[in-house]
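Student: Hey, I've got a new structure open and no idea where to start. Can you walk me through it?

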Amino acid sequence: MAGKPVLHYFDGRGRMEPVRWLLAAAGVEFEEEYLKTRDDLAKLRNDGSLMFQQVPMVEIDGMKLVQTRAILNYIASKYNLYGKDMKERALIDMYTEGLMDLDEIVLHQPYVPQEEKEANLAKIKDKARNRYFPAYEKVLKSHGQDYLVGNKLSRADVFLVQLLYHVEELDPSIMANFPLLKALRTRVSNLPTVKKFLQPGSQRKPFEDEKRVESVMKIFS
């Protein structure tokens, strides 16, 4: 029997959080090896574990996978969260890629200089309310089904719900005009595997505070 996947990253959200969410949604237990110092990162680089000298890196099925999209694609394929055919997969990819554009801005929020935080937050709110959330609300309205693609949970739903939670932490009123997104969030959150992941003490990471940002910067600076 293969061992549990091992996630190599710092003790925070960053680019690994969607991976944690997807594994959790699939009901897959995983372990984490945290980078705590620059030496920890250097060790992974020097022993050849990081193809492009970067994390996240996930050890799974005898591979050392890097690049977030590749990791998510593999997990989604392995655990049947990637649609039933090429057309569904194309839609799942399209929806996920759109979300990554917004997620990129959101994950940088704790790390932008203090004097830029307000402007970056305004950008997040504007793009969420006026570009991204309406698009996914429209998808759900267009087919009236429970999930974004094929009326079945996919990596696109998991990524979207993860991002909804994250943006709501920045602005609790952000979803006021998106009832179908709110319903999707509730639906996915009530799945037993996700519900477990949302409980206190799980491997879900909190929003990065100043102390955590400082420790992360010491690893990568």
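Tutor: Sure, let's go through the sheet and then the cavities; keep in mind that this is a predicted model.

Student: Okay, in what order do the strands of the sheet come?

Tutor: The order is β2-β1-β3-β4, four strands in an open sheet with mixed pairing. The edges are β2 (31-34) and β4 (63-66), and each of them pairs on one side only.

Student: How much are neighbouring strands turned against each other?

Tutor: By 20° on average, if you ignore direction.

Student: And β1 with β2, is that parallel or antiparallel?

Tutor: Parallel: β1, residues 6-9, pairs with β2 over four bridges. To find a spot to look at, go to Val 6, whose bridge partner in β2 is Glu 31.

Student: Which strands does helix α3 lie across?

Tutor: Helix α3 (residues 68-78) lies across β3 (57-60) and β4, and runs at about 125° to β4.

Student: Switching topic: how many cavities of 30 Å³ or more are there?

Tutor: Three. The largest cavity has about 50 Å³ of space.

Student: Which residues line the largest one?

Tutor: Its lining is made up of Arg 13, Gly 14, Glu 17, Asp 103, Leu 107, Gln 162, His 166 and Glu 208. Two elements, α4 (86-108) and α6 (155-170), each give two or more residues to that lining.

Student: How does that lining split by class?

Tutor: Four of the residues are charged, three are polar and one is nonpolar.

Note on methods. Residues are numbered from 1 along each chain as its sequence is written. This is a predicted model: local features need pLDDT of at least 70, side-chain atom pairs count only at pLDDT 80 or more; totals for chains, interfaces and linings use all residues. Side-chain values use heavy atoms; hydrogens and water are left out. Two strands pair if DSSP finds at least two bridges between them. Axes are lines fitted to C-alpha atoms, for helices over the stretch in contact, and angles run from 0 to 180 degrees between N-to-C directions. Contact means heavy atoms within 4.5 Å. On a 1 Å grid over the protein atoms alone, a cavity is a set of points where a 1.4 Å probe fits but cannot get out, and a pocket is an open set with protein on both sides within 12 Å along at least five of seven lines; lining residues have an atom within 4 Å of a point. Grid points are joined across faces, edges and corners, and a volume is the space filled by probe spheres set on the points. Ala, Val, Leu, Ile, Met, Phe, Trp, Tyr, Cys and Pro count as nonpolar, Asp, Glu, Lys and Arg as charged, and the others, Gly among them, as polar.
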